[in-house]
Amino acid sequence: MAHVTTYMGFTIPHLLRSASRLCPAHSALVVLRHSASCYCTVNGTIQSKRKMDHLERTANNFRQEVISQAKVCGITKESETVKRLRLAIANKDFTFKAGQWVDFFIPGVSVIGGFSMCSSPGLLEREGVLELAVKYTDHPPARWIHTECTLDSEVALRVGADLHRYQESKGNGYKMGTVKLYYSAKNTNELLFKKNILGLMNAFPGKIACRFHVTQQSSPICEELRPHVTEGRISEKDLEKHISKDTLWYICGPPPMIESISKLLYNSGIPRNCVFFEKWW
């Protein structure tokens, strides 16, 4: 798909404060075993008297100097609550790596958003675009995406959290272990990117596995997905089989879910330095 190379300019908002992370659309727990490298930056018990904004919370994270203008070239309704934005990037020097996020600048909105890319760096290299999946909330950037954003809307992006620096400091001896994903949502319609996940499972048998959990399923589950679905929340019984000294745990979801799962793991004897989560709130 060709992308537009001519863009109308606008002033990047200079007020870089009062932004908060978008709570993720779903709950997910990733279990990595054996030689899996640890790239998350936050772990421990959540204790805060007030909500830190996005820029405060990520102030010590590396950011690229490039702030690139971008134009919305596609909007897809992934579910009743999530929209996927396809963004054509104006600056050819703009790059990112898997696992990174962007500061999201919106003209006329002083609050700065922070969203993870849901597309691969390869798509940016091939087509000059990247994609974001954003759940609706009252957070101003998320609300703008769901209520005001249209095709050809202009925004700006800056990449943060350069994981390459961590890799460089540890050398190049990384060897992939095995990955088990527990992915929980209200129903299968809200299990975003499930086809992509099934594709990875088929491409890497024995290395990547996933168990989908649904908590309010009311319609029949399709045949392709049915073998991988469990009705009910992620439980202690689901996790106990993976508890070992070689296991790293990555948790993403709303604060109560993260608190519950992390406490369960600590009570099972998992060291705190093996449990990681992102503060998306």
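How many bridges pair β3 and β6, and in which sense, parallel or antiparallel? The count is seven bridges, and the sense is antiparallel. One facing pair there is R84, which stands opposite A133 in β6. Keep in mind that this is a predicted model.

Let's stay with β3. On another side of the pairing list is β2. Seven bridges join β2 to β3, and these two strands run antiparallel. They form a hairpin, with four residues between them. Take V72 as an example: its bridge partner in β3 is L87. And is β3 covered or open? Mostly covered: seven of its eight residues are buried.

L87 brings us to the core. The largest nonpolar core has 25 residues. Those with the most contacts inside it are L87, F94, F104, L130, L132 and L157. Which elements feed this core with at least two residues each? The strands are β2 (68–77), β3 (82–89), β4 (101–106), β5 (109–116), β6 (129–135) and β7 (154–160). Helix α3 (140–147) does it too.

Look at L157 for a moment. Set aside its neighbours within four places in sequence. L157 is then in contact with V66, I67, S68, A70, L87, I89, F94, V102, D103, F104, F105 and L130. Apart from this core lies another one, of 18 residues. Among its members are Y182, I251, L265 and Y266.

L265 and Y266 are also on the list of buried residues of α7. The rest of that list is M257, I258, E259, I261, S262 and L264. Does the length of α7 fit, and what should it span? The helix covers residues 255–267, which makes 13 residues. At 1.5 Å a residue, it should span 18 Å. Its end C-alpha atoms are 18 Å apart, so the two agree. After α7 comes G269, with a positive phi near 95°.Now two residues other than glycine with positive phi. D152 has a phi near 80°. It lies in the loop between α3 and β7. Is D152 buried or exposed? At 52% relative accessibility, D152 counts as exposed, because the cut-off is over 50%. The other is F193, with a phi near 60°. F193 sits in the loop between β8 (178–185) and α5 (194–203). Its relative accessible area is 23%, so F193 is partly exposed.

Next, the cysteines. A disulfide is a covalent bond between the sulfur atoms of two cysteines. How many disulfides does the count give? It comes to zero. C73 is partly exposed, with a relative accessible area of 25%. C210 is buried, at 4%.

Last, confidence. The mean pLDDT of the protein chain is 77. Of its residues, 71% reach 70 or more. Over residues 1–25, the pLDDT is below 50. Beyond near neighbours in sequence, that stretch still has 84 contacts in the model. Residues 163–168 also stay under 50. For them the model has eight contacts beyond four places in sequence. Where pLDDT is low, the predicted coordinates should not be read in detail.

Terms used
Residues numbered from 1 in each chain as written. Predicted model: local features only at pLDDT ≥ 70, side-chain atom pairs only at ≥ 80, totals over all residues. Heavy atoms only, no water. Expected span 1.5 Å × (residues − 1). Buried < 20%, exposed > 50% of the residue type's maximum accessible area, 1.4 Å probe, protein only. Core = buried A, V, L, I, M, F, W, Y, C linked by side-chain atoms within 4.5 Å. Contact = heavy atoms within 4.5 Å. Disulfide = S-S within 2.5 Å. pLDDT = per-residue confidence, 0-100. Pairing = 2+ DSSP bridges.
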